[in-house]
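Hi,

Here is the structure I promised to pass on. Have a look at it first, and then read my notes below.

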Amino acid sequence: MRIENLRARLRELGAKPCHEDRLMRAWLQRLPLDGGPRPQEHFLPLALRQALPALTAELDGLARLRSQHPGEDGSSRLLVELADGQTVESVLLPRDGLCVSTQVGCAVGCVFCMTGKDGLLRQLASAEIVAQVALARSLRRVHKVVFMGMGEPAHNLDNVVEAIETLGTDGAIPHKNLVFSTVGDERVFERLPQMRVKPALALSLHTTRAGLRAQLLPRAQRIQPEALVELGEAYARATGYPIQYQWTLIEGVNDSAEELEGIVRLLAGKYAVMNMIPFNTVEGLDFRRPSWEKAADIARWLHQRGVLTKLRRSAGQDVDAGCGQLRAREIKVGFVARERRLAERAARP
């Protein structure tokens, strides 16, 4: 379900714009329809009131909590079941943040990420994206939404844009607290400046070397790191939000002196923040996480040379919170259980 389809159905039931907005706010902000000076029976059209129980059940079914895995850092990994039985992951972050998914799987195939190992299974509709926020708000306050979960938002641009517009209006999320994360796609830099709700932008850089970037992000659009930074800088200056550059720090891969000099060359003096995130260990991937002391030295060195650098701990590391790990673990457990049942059935006389 897309948001535009949901609104069309509300209009078919007699809803005017004021009714649409009230229902959308009630859903996304977890507000009671009977609150305020005018109860729904004095406000909503009769046909809409009669359809409301079935519609509410349908909206609640867009994103259901399959399991929740709290971390020691205050984060909580959510395995979210969609209406068709597919699952994605959301993460409740410390300080009222939420990381949402935009696709089931991912086509970029970043070699250090679990999500892309099986490729792209399907897109999430805009209503499925914002439903993750409605679900999270039933658990705790959400004041910031980052589109950094499973999937590449640029590959599902229409649905993600619609979700951002909705969350920035009916969802009551401040525009600068909506963060569009991408490996880099020229369509993003064309589309985002045209939006009514302009989100902050996070660019997954990971290396300053074009050849290495092609290896780490094999199906990302081929944009030279220098060109990507220039596109980001233009967007930052236009919106007044600094670009957040994401750098998954992998020992022996992108932590060399050459890389650090490259970061200074690209980002010194830019309206930007470098988010340095040590690699979150993933079973089956042959990459190593550098020591926290080494990561801290790198962040300090960059900061001293004019690159605002924040060393971040990936949320929920103690619960295997790297994107796709929780979903992959559940699929593996389900597969083993099915195989066991089949074996037991075959062994029966």
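**What I found**

R7, R11, E20, D21 and D170 are joined in a network of salt bridges. By salt bridge I mean a side-chain nitrogen of Lys or Arg within 4 Å of a carboxyl oxygen of Asp or Glu.

Before going on, a word on how to read all this. This is a predicted model, where local features need pLDDT of at least 70 and side-chain atom pairs count only at pLDDT 80 or more, while totals for chains, interfaces and linings use all residues. Residues are numbered from 1 along each chain as its sequence is written, and side-chain values use heavy atoms, with hydrogens and water left out.

**The chain as a whole**

The protein chain has eleven helices and twelve strands; these are DSSP runs numbered from the N terminus (helices: H or I, at least four residues; strands: E, at least two). Of its 349 residues, 52% are buried. Buried means under 20% relative accessible area, exposed over 50%, and partly exposed in between, with a 1.4 Å probe and protein chains only. About 15,800 Å² of the chain is exposed, and carbon and sulfur atoms supply 51% of that; the areas come from the Shrake-Rupley method with a 1.4 Å probe, and for residues only the protein chains shown count as cover. Taking contacts (heavy atoms within 4.5 Å) between residues at least 6 apart in sequence, 66% join residues at least 24 apart.

**The cores**

In soluble globular proteins, nonpolar side chains tend to be buried together. A nonpolar core here is a set of buried Ala, Val, Leu, Ile, Met, Phe, Trp, Tyr and Cys residues joined through side-chain atoms within 4.5 Å. The largest one has 78 residues, and W27, V145, F147, L201, Y245 and I263 have the most contacts inside it. Helix α4 (residues 126-137) gives the most to this core, with eight residues. There is also a second, separate core of 15 residues, including L212, V253, F279 and V282.

Y245 is a good one to click on: leaving out residues up to four places away in sequence, Y245 touches L203, L205, L228, V229, G232, E233, L267, A272, V273, M274 and N275.

**Two helices to look at**

Start with α1 (residues 3-12), where I3, L6, R7 and L10 are buried. They cover an arc of only 95 degrees around the axis, which puts them on the same side of α1; the arc is that of the directions from the helix axis to the C-beta atoms. Their cover includes α2 (17-28), α3 (46-60), α4 and α5. Just after α1, G14 has a positive phi of about 95 degrees.

Then there is α8 (residues 225-239). At 1.5 Å a residue, its 15 residues should span 21 Å, and the end C-alpha atoms are indeed 21 Å apart; the expected span is 1.5 Å times one less than the number of residues. The buried residues of α8 are P225, L228, V229, G232, E233, Y235, A236 and T239. Seen down the axis, they fall within an arc of 165 degrees, so they line one face of α8. The face turned away from that buried side carries the exposed residues R237 and A238. Among the elements covering the buried residues of α8 are α6 (186-191), β9 (200-204) and β10 (243-249). After α8 comes G240, with a positive phi near 85 degrees.

**More salt bridges**

The whole structure has 23 salt bridges. Here are a few pairs to find:

- R196 and E165, with the closest N and O atoms 3.6 Å apart. R196 sits in the loop between α6 and β9 and E165 in helix α5 (residues 157-167), 31 residues apart. R196 counts as exposed at 61% relative accessibility, whereas E165 counts as buried at 16%.
- E251 and R288, with the closest N and O atoms 3.2 Å apart. E251 lies in the loop between β10 and α9, and R288 in the loop between β11 (272-278) and α10 (292-304), so the pair ties together parts 37 residues apart in sequence.
- R300 and D297, with the closest N and O atoms 2.8 Å apart. Both lie in helix α10, three residues apart, about one turn of the helix.

**One last residue**

Where is H206? H206 is in the loop between β9 and α7, and at 4% relative accessibility H206 counts as buried. Leaving aside neighbours within four places in sequence, H206 contacts F112, L217, Q246, W247, T248 and N254.

Cheers
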